[in-house]
Amino acid sequence: MNTDLDDLHAFLAVARTGGFREGARTLGRSASGVSDAIRRLEKQLGVRLFNRTTRSVTPTAAGYSLQERLGPALAEVQGALDVVNGFRDKPAGALKLNVPVSAARLVLPALIPAFLTAYPDIKLEIQTEESFVDVLAAGCDAGIRYEERLEQDMIAVPIGPRVQRFAAAASPDYLARCGRPEHPQELFAHACLKGRFPSGRLYPWEFELQGERFEIYPDGPLTVQTGGATDLAVEAAVAGVGIIYLFEDWLRPYLTSGVLEPVLEPWWPQFSGPFLYYSDRRFIPAPLRAFIDFIKLVR
């Protein structure tokens, strides 16, 4: 039986993500193409692999059995190919990373240009994601997350700055009109520009000074989803709408230029920097191994 490896990859992507469209997205293919691949595979094997409804796509008993055996098998095939890749002068192939928008903005710009210059045969794809996702199910080789959001049974390697801070800031005009808070609890009397996780949970504002800690959820005229809409909140703060709470490095250019001023700076909390994390598997793809070695070198 000659089965196309691409069809097997399509099956595994759909099984892991629970849908044709989601599986196609992880593969960089069309949903119709992935659906055709599954139909070919089912016809060739003579069994139905998925139960399909208008709301869900779930593996059948046969599909679960195939998924359980196929995942490790395809990983072994990829590992064998990567062993051959190791004989090249420089690694080649695709590398796909799943990262939060903050890492794409604040961490990767200092690394990626030099990495791609050093490894011109590697094709890098960056997928930004604010939700807590399984990077393998998302079709990625590795991800970047902060310590409290790392998945279990993963290898974590420090990447980027090891200490960061959250900062509160507002425009000089806003502070002149509304006053400058001197304690975090005073923020309840101010217009605050809030962030919301994709899960729907509001982003807490945390402050700490000499052992005194506060986690508050202030009110305000604007709430944005963290990540893609964060710049909108920053521009609203610059325009004098209210106080913003964000990564200090994200706000640094605005603070330096003076269009934003620090608020409650002695209370800004520190936290550990991000980590590159990946599966503890026998074979690490050569492009990922090159990236791991590169970030260790420049650390």
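These legends describe close-up views of a predicted model.

**View 1. The buried face of helix α8.**
Helix α8 covers residues 230–238. Its buried residues are T230, A233, V234, A236 and A237. Seen down the α8 axis, these buried residues fall within an arc of 160°, so they line one face of the helix. An α-helix has 3.6 residues a turn, so residues three or four places apart point the same way. Three strands and one helix pack against the buried residues of α8: β8 (192–196), β11 (222–225), β12 (243–247) and α9 (248–257). Just after α8 comes G240, with a positive phi of about 90°.

**View 2. Helix α8 against helix α9.**
Two packed helices are described by the angle between their axes and the distance between the axes. For α8 and α9, the angle is about 30° and the axes are 12 Å apart. An angle under 35 degrees counts as roughly parallel, and α8 and α9 are therefore roughly parallel to each other. Their crossing is right-handed. On the α8 side, the contact residues are T230, D231, V234, E235 and V238. On the α9 side, they are W250, L251 and Y254. T230 and V234 are among the buried residues of α8, and both also appear in this contact with α9.

**View 3. Helix α2 across helix α3.**
Helix α2 spans residues 20–27, and helix α3 spans residues 31–45. The two pack at an angle of about 105°, with their axes 8 Å apart. That angle makes α2 roughly perpendicular to α3. From α2, the residues in contact are F20, R21, A24 and L27. They meet A31, V34, S35 and I38 of α3.

**View 4. T226 in the loop before α8.**
T226 sits in the loop between β11 and α8. Is T226 buried or exposed? T226 has a relative accessible area of 12%, under the 20% cut-off, so this loop residue is buried. Neighbours within four places in sequence are left aside here. Beyond them, T226 is in contact with E130, G195, R196, F197, P198 and Y203.

**View 5. Two buried cysteines.**
C140 has a relative accessible area of 4%, so C140 is buried. C192 is at 0% relative accessibility and therefore counts as buried too. A disulfide is a covalent bond between the sulfur atoms of two cysteines. How many disulfides does a search of the whole structure find? The search finds zero.

Conventions:
Residues are numbered from 1 along each chain as its sequence is written. This is a predicted model: local features need pLDDT of at least 70, side-chain atom pairs count only at pLDDT 80 or more; totals for chains, interfaces and linings use all residues. Side-chain values use heavy atoms; hydrogens and water are left out. A disulfide is a pair of cysteine sulfur atoms within 2.5 Å. Buried means under 20% relative accessible area, exposed over 50%, partly exposed in between (1.4 Å probe, protein chains only). Helices (H or I, at least four residues) and strands (E, at least two) are DSSP runs, numbered from the N terminus. The arc is that of the directions from the helix axis to the C-beta atoms. Contact means heavy atoms within 4.5 Å. Axes are lines fitted to C-alpha atoms, for helices over the stretch in contact, and angles run from 0 to 180 degrees between N-to-C directions. Angles under 35 degrees count as roughly parallel, over 145 as roughly antiparallel, 65 to 115 as roughly perpendicular and the rest as oblique. A crossing is left-handed if the near helix is turned anticlockwise from the far one by less than a right angle, and right-handed if clockwise.
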